[in-house]
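Me: Please take a close look at the aromatic rings in this model. I would like to know what they pair with and where they sit.

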Amino acid sequence: MQTIQRDMSLMDSTSLLIDFLLKKYKSEKKGTLQVIEQLSDEDIVWAPTPESNSIANLVAHIWGTVHQRIETVFFNVPDTRDRDKEFDRGLHLSKELALELIAKSFDRIIEVLEKVKAKPEMLLDQPYLNLPPLTNSGVDNQATVLEMILHQFRHLPGHTGQITYIAKIRKGYLQW
């Protein structure tokens with residue numbers, strides 16, 4: 001009986017965690033899209049200094065990370081990421097493409113979380129074991145799905161915060 005209670009408690013905790021992450025990722029997606037909606041194509045490629053990233057760079061980097069770390073593993077999409085190009089000065093993305101890539105990035109993560117919610121034992125899977133070594137990442141090839149999700153949870157909001165900050169510098173204010 002104690003094992004059943006422990007297993008139920010673990011399942012409840014897992015469900016609470018996944019529900020929390022889903023709520024946070026959906027909120028982060030909504031807020032980031034709301035910021036980008038208020039910008040022009042020119043605002044998307046503007047950088048505060050010559051050494052700084054533009055919103056285009058940050059959007060490309062968010063998409064590159066999600067593509068390489070999520071799409072390739074969970075959706076069997078070939079890895080076509082070129083990380084260095086994400087940070088090219090003068091990278092041009094239209095507002096429309098920036099909105100599309102942010103939406104697609106968060107939608108992919110949300111899809112994975114929905115899969116995990118339906119099959120919580122996935123949290124302990126190690127999806128990177130048979131892939132080439134991970135570079136420029138906070139996780140290694142031994143990482144579990146839980147570690148990958150938590151890494152993305154830390155990584156992406158840092159960049160979406162930068163997007164908001166750059167937008168505020170550029171526009172002076174944003175409407176919420």
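Reply: A charge counts as sitting over a ring if NZ of Lys or CZ of Arg is within 6 Å of the ring centre and within 35 degrees of the ring normal. In this predicted model, R108 meets that description: R108 lies over the face of F75, at 3.7 Å from the ring centre.

Ring-to-ring contacts come next. A search of the whole structure finds 3 aromatic pairs. One of them joins Y25 and F106, whose ring centres are 6.2 Å apart. Their planes stand at 55 degrees, so the pair is tilted; planes over 60 degrees apart would count as edge-to-face, and those under 30 as stacked. Y25 belongs to helix α1 (residues 2-37) and F106 to helix α5 (residues 95-118). With these positions 81 residues apart, the pair links distant parts of the chain. Both Y25 and F106 are buried. Y25 and F106 are also members of one aromatic cluster, together with F20 and F153.

One further aromatic residue, W63, appears in the lining of the largest pocket. That pocket holds about 190 Å³ of space. Other lining residues include A60, G64, H67, R81, D82, K85 and E86. Two elements, α3 (55-74) and α4 (83-86), each give two or more residues to this lining, and α3 gives the most, with 4 residues. By type, the lining divides into 5 nonpolar, 3 polar and 4 charged residues.

Notes. Residues are numbered from 1 along each chain as its sequence is written. This is a predicted model: local features need pLDDT of at least 70, side-chain atom pairs count only at pLDDT 80 or more; totals for chains, interfaces and linings use all residues. Side-chain values use heavy atoms; hydrogens and water are left out. On a 1 Å grid over the protein atoms alone, a cavity is a set of points where a 1.4 Å probe fits but cannot get out, and a pocket is an open set with protein on both sides within 12 Å along at least five of seven lines; lining residues have an atom within 4 Å of a point. Grid points are joined across faces, edges and corners, and a volume is the space filled by probe spheres set on the points. Ala, Val, Leu, Ile, Met, Phe, Trp, Tyr, Cys and Pro count as nonpolar, Asp, Glu, Lys and Arg as charged, and the others, Gly among them, as polar. Rings of Phe, Tyr and Trp (its six-membered ring) pair if their centres lie within 6.5 Å; planes under 30 degrees apart count as stacked, over 60 as edge-to-face and the rest as tilted. Buried means under 20% relative accessible area, exposed over 50%, partly exposed in between (1.4 Å probe, protein chains only).
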